[in-house]
Amino acid sequence: MAPEATVASREIAMTYEITPEEYCQLRETSEGLVLLDVREVWERETACIDPSDHIPMGDIPTRLQELDPDHHIVVYCHHGARSLSVTGWLRQQGFERVQSMAGGIDRWSKQVDPKIPRY
């Protein structure tokens with residue numbers, strides 16, 4: 001690969017985090033965008049962002065085949081720590097188009113949809 005191509009690839013590399021507001025803009029214009037909830041079942045029963053897929057963080061390694069590495073995946077949890085961890089792990093597995101929702105569902109509830117319960 002030419003040095004120019006390597007520099008260009010790094011410049012367009014996707015950031016690890018995306019804000020809830022940025023996600024809202026993306027979902028209006030992007031096809032193949034997947035929202036992935038990595039919280040526990042009880043948390044999802046308490047509050048969730050629809051539509052979203054659900055794979056608890058501890059199940060990600062055994063359910064990896066359910067995710068498409070070609071899709072843009074935005075991962076969320078309660079406050080953003082677990083989703084950032086999952087994002088890093090998925091990137092190590094070759095998922096280049098995965099991001100963590102900064103602030104998680106708590107920030108989503110405060111800044112996008114106050115009808116979503118906070119817990």
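**Entry 1: β2 against β4**

I started at Leu35, which stands opposite Val74 in β4. That pair belongs to a parallel match between strand β2 (residues 33-37) and β4, and I counted five bridges along it. Note to self: this is a predicted model, so everything here is read off computed coordinates.

**Entry 2: the whole sheet**

Next I wanted the strand order. Five strands make an open sheet, running β1-β5-β4-β2-β3, with parallel pairing. Which strands sit at the edges? I found β1 and β3 (53-54) there, each pairing on one side only. Then I looked at what lies on the sheet: α4 packs on it and touches β1, β4 and β5. The direction of α4 makes about 175° with that of β5.

I jotted down a reminder here: strands of a sheet pair through backbone hydrogen bonds, either parallel or antiparallel.

**Entry 3: β4 and its neighbour β5**

I followed β4 (residues 72-76) across to β5 and found three bridges, with the two strands running parallel. Two of the pairings I wrote down: Ile73 has Val98 as its bridge partner in β5, and Val74 stands opposite Gln99. So Val74 turns up twice in my notes, facing Leu35 of β2 and Gln99 of β5.

The connection between these strands was the next lookup. β4, helix α4 (residues 81-92) and β5 make up a β-α-β unit, and its handedness is right-handed.

How enclosed is β4? Five of its five residues are buried, so the rest of the structure largely encloses this strand. I split the side chains by direction: His72, Val74 and Tyr76 point one way, Ile73 and Val75 the other, and all are buried. That fits the general pattern, in which side chains of a regular strand alternate between the two faces of the sheet.

**Entry 4: β5 from both sides**

I ran the check on β5 (residues 98-101) as well, and both of its faces are covered. Val98 and Ser100 are buried on one side, Gln99 and Met101 on the other. Away from β4, the partner strand is β1 (residues 17-18), joined to β5 by two bridges in the parallel sense. Glu17 has Ser100 as its bridge partner there.

**Entry 5: Gln99**

A glutamine in β5 made me stop and look. Is Gln99 buried or exposed? It is buried, at a relative accessible area of 5%, which is under the 20% cut-off. What does its side chain reach? I got the backbone oxygen of Thr15, at 3.1 Å.

I then listed the contacts of Gln99, skipping neighbours within four places in sequence. Met14, Thr15, Tyr16, Glu17 and Ile18 are on the list, along with His72, Ile73, Val74 and Val75, and then Thr87 and Arg91.

**Entry 6: cysteines**

I searched for disulfides and the count came to zero. While there I looked up two cysteines. Cys48 is partly exposed, with a relative accessible area of 22%, whereas Cys77 is buried at 1%.

**Entry 7: a cis peptide**

Where is the cis bond I flagged? The peptide bond joining Asp50 and Pro51 is cis, with omega at about -10°. Pro51 is in the loop between α3 (41-46) and β3.

**Entry 8: the segment after α5**

Ile116 is in the segment that follows α5 (104-111). I get a relative accessible area of 10% for Ile116, so this residue counts as buried. Ile116 and Ile49 are 67 residues apart along the chain, with 7.8 Å between their C-alpha atoms. With neighbours within four places left aside, Ile116 is in contact with Ala47, Cys48 and Ile49, and also with Ile105, Trp108 and Ser109.

Last lookup, α5 itself. Its buried residues are Gly104, Ile105, Asp106, Trp108 and Ser109. What covers them? My list includes α2 (20-29), β4 and β5.

How values were computed
Residues numbered from 1 in each chain as written. Predicted model: local features only at pLDDT ≥ 70, side-chain atom pairs only at ≥ 80, totals over all residues. Heavy atoms only, no water. Buried < 20%, exposed > 50% of the residue type's maximum accessible area, 1.4 Å probe, protein only. Helix = DSSP H or I, 4+ residues; strand = E, 2+ residues; numbered from the N terminus. Pairing = 2+ DSSP bridges. Right-handed = clockwise from strand over helix to strand, strands pointing away. Disulfide = S-S within 2.5 Å. Contact = heavy atoms within 4.5 Å. Axes fitted to C-alpha atoms, helices over the stretch in contact; angles between N-to-C directions. Polar contact = N/O pair within 3.5 Å; in protein donor to acceptor, adjacent residues only side chain to side chain.
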